[in-house]
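Trainee: Before I use any labels for this model, I would like to go through the reasoning behind each of them.
Mentor: Then ask about the labels one by one, and we shall set each value against its criterion.

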Amino acid sequence: MNREIKFRYWDTEKRCFQTSWEGVLSICNGKVGVMKSNHTGDYFDDFKGRFTPLQYTGCKDKNGKDIYEGDLIKQTIKNRTDFNSDIIHTVEYFEDIATFGTTYGNCFQTFEDILKDDDVDWELEVVGNIYENPELIKK
């Protein structure tokens, strides 16, 4: 099985996604940080929990953009003008079933269910994320 595993990191201090680092980026006990060295040896600097890791789902949207945890996506049916969905779904990882999917209110769908639906040809589009566009999430 080949799958691409990659992450992006939300910087809670600078309020942006971080893409460059000094040192080797690591995740240790669920915290993001870098391994550093000083006169007493190597140590793990987790930046006081400043970074939130968000994993790539392995899916791309209709424009070829990578879909990550925390993204907000719009689902539409390809080649159908009579179906218009303004519902914005949040991309999440469901630990209890070990898969990625989307949530809206109390409803959830796995990407496997969405992308392998024989009756409907769904199209996904990233329209934002939970950090930079929280106003898109309807409660």
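**Labels and their grounds**

Mentor: Let us begin with Arg15, which has a relative accessible area of 54% and is therefore exposed, since the label requires a value over 50%. Please keep in mind that this is a predicted model.

Trainee: Where does Arg15 lie, and what is its phi?

Mentor: Arg15 belongs to the loop between strand 1 and strand 2, and its phi is positive, about 55 degrees, although the residue is not a glycine.

Trainee: What makes Ala98 count as exposed?

Mentor: Its relative accessibility is 53%, and the label is given over 50%, so Ala98 counts as exposed. Ala98 sits in the loop between strand 9 (88-94) and strand 10, and here too a residue other than glycine has a positive phi, near 50 degrees.

Trainee: How do you know that strand 9 and strand 10 pair, and in which sense do they run?

Mentor: Pairing requires at least two bridges, and strand 9 and strand 10 have five bridges in the antiparallel sense, so the criterion is met. One bridge joins Phe94 to its partner Thr99 in strand 10, and the two strands form a hairpin with four residues between them, with Ala98 in the turn.

Trainee: What other partner does strand 9 have, and over how many bridges?

Mentor: Strand 8 (residues 71-77) pairs with strand 9 in the antiparallel sense over three bridges, and the bridge partner of Ile73 in strand 9 is His89.

Trainee: Why is strand 9 described as mostly covered?

Mentor: A residue is buried under 20% relative accessible area, and five of the seven residues of strand 9 are buried, so strand 9 is mostly covered. For the chain as a whole, 35% of the 139 residues count as buried.

Trainee: What can be said about the pairing of strand 10 with strand 11?

Mentor: Strand 10 and strand 11 (residues 107-110) pair in the antiparallel sense over four bridges, and Thr103 stands opposite Phe108 in strand 11. Their hairpin has two residues between the strands, and Gly105 takes a positive phi near 60 degrees there.

Trainee: Which strands form the open sheet, and in what order?

Mentor: Four strands form the open sheet, in the order 2-1-6-7, and the pairing is antiparallel. Strand 2 (16-18) and strand 7 (66-68) stand at the edges because each has a single partner strand, which leaves one side of each without a neighbour in the sheet. The twist averages 45 degrees from one strand to the next.

Trainee: How do you know that strand 1 and strand 6 pair within that sheet?

Mentor: Five bridges join strand 1 (residues 7-11) to strand 6 (residues 51-60), and these strands run antiparallel; since at least two bridges are required, the pair qualifies. Within this pair, Arg8 stands opposite Leu54 in strand 6.

Trainee: What volume does the largest pocket have, and which residues line it?

Mentor: The volume of the largest pocket is about 180 Å³, and its lining includes Arg3, Glu4, Ile5, Gln55, Tyr56, Thr57, Gly58, Tyr93, Ala98, Thr99 and Phe100. The elements that give two or more residues to this lining are strand 6 and strand 10 (99-104), and strand 6 gives the most, with four residues.

Trainee: How is that lining divided by class?

Mentor: The lining of the largest pocket has five nonpolar, four polar and two charged residues. Under the classes used, Tyr is nonpolar and Gly is polar.

Trainee: Is Arg3, one of those lining residues, buried or exposed?

Mentor: Arg3 has 56% relative accessibility, and because exposed means over 50%, it counts as exposed. Arg3 is in the segment before strand 1, and although Arg3 and Gly58 are 55 residues apart in sequence, their C-alpha atoms are 6.8 Å apart in space.

Trainee: What share of the contacts in the whole chain joins residues 24 or more positions apart?

Mentor: Among contacts with a separation of 6 or more, such residues account for 46%.

Trainee: How many helices and strands are there in the chain?

Mentor: The chain has one helix and twelve strands, and along the sequence they follow the pattern β-β-β-β-β-β-β-β-β-β-β-α-β.

Note on methods: Residues numbered from 1 in each chain as written. Predicted model: local features only at pLDDT ≥ 70, side-chain atom pairs only at ≥ 80, totals over all residues. Heavy atoms only, no water. Axes fitted to C-alpha atoms, helices over the stretch in contact; angles between N-to-C directions. 1 Å grid on protein atoms, 1.4 Å probe; cavity = no way out; pocket = protein on both sides within 12 Å on 5 of 7 lines; lining within 4 Å. Points joined across faces, edges and corners; volume = space filled by probe spheres on them. Buried < 20%, exposed > 50% of the residue type's maximum accessible area, 1.4 Å probe, protein only. Contact = heavy atoms within 4.5 Å.
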